[in-house]
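Reader: I have a structure open and would like to walk through it with you. Shall we take it piece by piece?

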Amino acid sequence: MIKLVIIGVVCGAAALTVGILIGHFGIAKSGTSAPSWLEDVAKDVDESLIEKFMSEVDNIQIEENLRSLTKVPHMATTAGDEETVQIMLKRWQDPETGLDKAWREEYWVYLSFPDKNNPNKVTVVSPTDTVLHTIREKEKPYTPDQSDPEVVQPYAAYSPAGHVKGKLVYANQGKPSDYSELNKTVDLRGTIAITKYGGAGRSAKAINAAPYGVVGVLVYTDPLDINDGLMSDASETYPHSWYLPPTGVERGSYNIDFGDLLTPHLAAKEETYRINATDITGIPPIPTQPIGFEDAYRLICELDGEPAPDAWQGGFNCTYNFGGPGFKPTSSFNNSDVKLDIYNYEEVKPSSNVMGFIRGSVEPDRYVMYGNHRDSWVHGAIDPSSGTSVMLEITRVLGKMVKQGTWRPRRSIIFGSWGAEEFGLIGSAEYTEQYFTALSERSVAYINVDIAVFANATLGASGMPSVQNVIFKAAQQVKAPGHEKSVYDNWLQYTNKTSSSHGLIPRMGYLTGAGSDYAPFSHYLGITSMDISYTYDKTKTNARIYPAYHTAYDTFDYASKYIDPGFLSHQAVARTAGNVLIRLADSLILPLNCADYAESLEEYLSTALSLYEEKLKTMKISMEPLKHAVTSFRAAVSNLQKVIQSPDLANETPLKVRWINDQLMLLDRAFLNPLAFPDKYGFRHVIWASSSAGKRTFPGLADAYAKAESSGQASDWDKVHYHLSVLSQAILGAASTLTDDMQT
C-alpha cells in the first residue's frame with residue numbers, strides 16, 4: 001500500500017500545504033521498482049514553476065495581442081468575428097507555444113441586428129410630420145476606427161421593429177417605481193419614454209413601460225453617471241480623456257434570460273428543436289433605441305411638466321421635468337412628437353466558441369476551466385479583448401512549458417473563447433447545456449477574465465467564498481503596477497472588510513448576477529467560479545463602468561492611452577489569474593476554502609435575522625430551521641478539517657485525497673435547486689441567485705419577503721416560508737456532502 005502523510009492541510013485556513021512521504025510500495029519488497037506514476041500522484045503544486053510562469057508573462061506580448069484583436073470590429077458572427085476565431089486557433093495550435101488540442105465548437109443562435117439598408121431613426125416631428133430634429137445615427141469619429149464601415153449603428157438588440165410616435169416623457173431609470181411615480185402625474189398612454197441607463201436592466205426599461213401604455217423607449221447614458229458630469233469633447237471627453245464623448249452610445253442586448261433564446265435548456269445545434277419566436281420572454285415588447293447624451297440633452301431640457309424628483313436629476317444644466325407629456329410651449333418642439341422607426345431583424349446564424357485543452361497527467365477527468373468571450377459590439381478593446389489578450393498570454397507561457405516537456409498539470413485545463421456573449425452569454429451557456437453532465441461531474445472551478453482591466457488602480461475580484469483564499473494567495477505573490485507592494489496589499493488599501501476569521505482583508509464581491517460568462521457555470525451548473533479584473537478607484541469617480549463601454553470609442557487607442565498605458569495592469573491580472581489557475585490545476589489538495597463559505601453563510605444569516613425574524617414571528621414562520629442549517633454547516637466544515645488533519649491519514653491511499661477533493665469540488669452543486677426560481681431562467685443556486693431586493697442576504701428569501709411585505713397577501717407569505725425551507729434544506733444538504741455518513 002502507498003503510505004501517505006498529508007501535513008498541514010486546513011480546509012478553512014489561509015494556505016494549504018501538503019507534504020507527502022512515499023513509503024514502501026508493496027511490490028518493491030520483491031525487488032520490483034515502484035511504478036513511474038507514483039511520484040506524479042504524490043506531487044503538490046511547484047512554487048518555483050509559479051514563479052517561472054509569472055516571470056515569463058510579458059506586458060508587450062499582451063499589448064500586441066490587443067493590437068491584433070482590435071484591428072477590425074468583431075461583432076458576433078461577422079467577418080471580423082471570424083478573424084478572431086482564426087487568431088485563437090492559430091495561437092492555440094502553434095507547434096511551439098500551443099495547447100494539446102484546439103478546436104471550434106459551433107452553435108446556431110438567434111441574434112438581432114439593425115438593417116444596414118434601413119438604419120433605425122429617431123426624429124422629432126411636427127403635427128404635420130415635418131422633421132424638426134434627427135437623432136444622430138452614428139457616433140462622431142475622432143480616429144479612423146470610428147469611421148470603419150463595419151462599425152454597427154447603435155441599437156437595442158432584440159427590440160422589435162416598429163414605427164411609433166408620441167409625446168415624450170422622462171422616466172428616470174425605467175424601474176417599476178419610476179413609471180408608477182410618473183403615472184401619478186402624467187397620462188402615459190401613447191407616450192415615448194426616455195430613460196437613463198442604470199437601476200433596471202436594459203430590456204426591463206421597456207418591459208416596465210408597456211403596461212402603462214408607453215409605445216416606445218429611448219435609453220441614454222447620463223453624463224453624471226458616467227463622466228462625473230463632463231460633457232465637452234473640445235477638452236473634457238475622449239479624445240482628451242477616458243470620458244465618453246457626447247455622441248457615444250452604449251449598445252447592448254435587451255434580453256433578460258441568458259443563452260440562445262430559441263433553445264432554452266438545449267444546446268443550439270443546427271437540428272435542435274426551437275420554440276416559436278413569439279414565445280420568447282424577457283425582451284422589449286415595444287420599440288426601443290439607445291441614443292447619445294448630446295441628443296438626450298436636447299430632448300430632456302425641452303420637456304414640459306412638473307420637475308422630476310431630486311433623485312431623478314442628472315448632469316445636464318437644466319431641470320429634468322416629467323414632460324407635459326411633451327415639450328414646453330416655449331420650445332421649438334412645442335406640440336411635437338418623438339418618432340421611432342426601428343428596422344431591427346432577427347436571424348439564426350452560426351456562432352463559434354474556440355476551445356483549448358491541456359490534458360492532466362494524474363487526474364485528466366478533473367477540469368479546471370478558464371474563459372472569456374471573444375465577440376464585441378465594435379472594436380471592443382476593453383470589453384472583451386483586454387481579457388482575451390490576457391488569456392492568450394497565459395496560454396502562450398503555459399503552452400510553451402507543455403511543448404517543451406517541462407510541465408504538465410495534474411488536472412486537465414479547458415480554455416474557452418466564447419462566442420456571442422454580448423447577445424446574452426450565448427456561447428458559454430450553450431456549452432454548459434451541451435456538456436451538462438460531464439461538466440457537472442468533473443469540473444473543479446471556472447475562472448472568468450472578461451474585462452481584464454477597467455482601469456489601473458487596483459485588483460477587483462468576485463466569486464464563491466471558497467475561492468477567496470486562493471485569490472488572496474496569488475495576489476500576495478504579484479507586484480502591484482507602479483508600487484513596491486503586492487497586488488494584495490494595494491487591493492487592501494482600496495477596499496476591505498473585517499473577517500471574523502482573518503481580520504482585515506480585501507473585500508471580494510459575490511457572483512449574484514449574470515454580467516458575464518461565469519453565470520452559466522455558477523448559477524446553472526453550480527461550479528465554483530470567480531471573476532478577476534483590475535479596476536478604478538471608486539472614490540475618485542462616479543462612473544458606473546469605464547466610460548467607452550459598448551461604444552465605438554472602445555479601441556486600442558483608448559485602451560493604450562487612458563486605461564492602461566504600458567499594459568502593466570494587464571500583466572498583473574495575467575500573473576494573478578494564471579497563478580490561481582496553476583494552483584487549482586496542480587495542488588494535491590484543492591485550494592478551496594470551505595470555512596470561508598461558512599463565514600459567508602453566517603453573515604447572510606445574521607442579516608436575514610435582523611431584517612426578517614421579528615416580522616416572521618408574528619406570521620408564525622420560524623427561522624430556527626435556517627439557524628440550525630447554518631450551524632450544522634459550520635460543524636461539518638470543522639469535522640472535515642479534523643479529518644484532513646488527522647494522523648490516521650498516514651495509512652490511507654491516494655483515494656483519500658480524491659475523496660477530500662471531491663467534497664470540496666462538489667460543494668456548490670449541493671446548493672442547486674431547479675425549482676427554487678421558476679421565474680429566473682438558468683438560476684438554480686439558492687445562495688447566489690440574482691435579487692431585486694437590494695439586501696446582502698439570501699436572494700430568494702429577500703425577494704419573497706419584499707413581495708409579501710408589499711402585497712400583504714397570505715400566498716406571498718407562504719412563499720417566504722417556502723424559500724426558508726428551500727434554503728434550510730439546501731444548506732443542510734451541502735453540510736452532508738462534507739461528511740461520509742450524511743448526518744448533520
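Reader: Which residues of helix 13 are buried?

Author: Happy to start there, with the note that this is a predicted model. Buried here means a relative accessible area under 20%. In helix 13, that description fits V487, Y488, N490, W491 and L492.

Reader: What covers the buried residues of helix 13?

Author: The cover includes both helices and strands. On the helix side there are helix 12 and helix 16. On the strand side, the list includes strand 16, strand 17 (496-499), strand 18 and strand 19.

Reader: How many of the nine residues of helix 12 are buried?

Author: Helix 12 runs over residues 468-476 and is mostly covered. Its buried residues are Q468, N469, V470, I471, F472, A474 and A475. Their cover includes helix 13 (487-494), strand 16 (458-463), strand 18 (503-506), strand 19, helix 16 (568-586) and helix 17 (594-618). The count of buried residues in helix 12 is seven.

Reader: Let me turn to the rings. What type of aromatic pair do W242 and Y243 form?

Author: A pair of aromatic rings is described by the distance of the centres and the angle of the planes. The structure holds 46 such aromatic pairs. For W242 and Y243 the centres are 6.2 Å apart and the planes make 55 degrees, and this pair is tilted.

Reader: Are W242 and Y243 buried or exposed?

Author: The cut-off for buried is under 20% relative accessible area. W242 has 14%, and Y243 also comes to 14%. Because those values fall under the cut-off, W242 and Y243 are buried.

Reader: What type of pair do W242 and Y536 make?

Author: The ring centres of W242 and Y536 lie 5.7 Å apart, with 75 degrees between the planes. Planes over 60 degrees apart count as edge-to-face. The pair of W242 and Y536 is therefore edge-to-face.

Reader: How many residues apart in sequence are the parts that W242 and Y536 tie together?

Author: W242 sits in the loop between helix 7 (223-226) and strand 9 (252-253). Y536 belongs to the loop between strand 19 (529-535) and helix 15 (556-563), and Y536 is buried at 9% relative accessible area. The ring pair thus joins parts whose separation in sequence is 294 residues.

Reader: Which residues do ring pairs link into a cluster?

Author: Tyrosine, phenylalanine and tryptophan rings are linked here. The cluster consists of Y110, F113, Y155, Y158, Y345, W377 and F423.

Reader: How far apart in space are L439 and I527, C-alpha to C-alpha?

Author: L439 is part of helix 11 (residues 436-442) and is buried, with a relative accessible area of 2%. Beyond residues up to four places away in sequence, L439 touches Y367, M369, Y431, T432, F521, L525, I527 and R669. L439 and I527 are 88 residues apart in sequence, and their C-alpha distance is 8.3 Å.

Reader: With neighbours within four places in sequence left aside, which residues is S728 in contact with?

Author: S728 lies in helix 21 (residues 714-737). S728 is buried, at 5% relative accessible area. Its contacts, with those neighbours left aside, are P625, L626 and A629.

Reader: Now the backbone. Which peptide bond is cis with omega near 10 degrees?

Author: Most residues other than glycine have a negative phi, and most peptide bonds are trans. One cis bond runs from G324 to P325, with omega near 5 degrees, and P325 is in the loop between helix 8 (293-300) and strand 11 (337-342). P384 lies in the loop between strand 13 (363-373) and helix 9 (385-404). The bond with omega near 10 degrees is D383 to P384.

Reader: What is the phi of H550 near?

Author: H550 is in the loop between strand 19 and helix 15, and H550 is buried at 5% relative accessible area. Phi of H550 is positive, although the residue is other than glycine, and is near 65 degrees.

Reader: To finish, what is the radius of gyration of the protein?

Author: The protein has 21 helices and 19 strands. For 744 residues the globule rule gives 27 Å, and the protein's own value is close to that, so the protein is as compact as a globular protein of that length. The radius of gyration is 27 Å.

Terms used:
Residues numbered from 1 in each chain as written. Predicted model: local features only at pLDDT ≥ 70, side-chain atom pairs only at ≥ 80, totals over all residues. Heavy atoms only, no water. Helix = DSSP H or I, 4+ residues; strand = E, 2+ residues; numbered from the N terminus. Rg over C-alpha atoms; globule rule 2.2 N^0.38 Å. Phe/Tyr/Trp six-rings, centres within 6.5 Å; stacked < 30°, edge-to-face > 60°. Buried < 20%, exposed > 50% of the residue type's maximum accessible area, 1.4 Å probe, protein only. Contact = heavy atoms within 4.5 Å.
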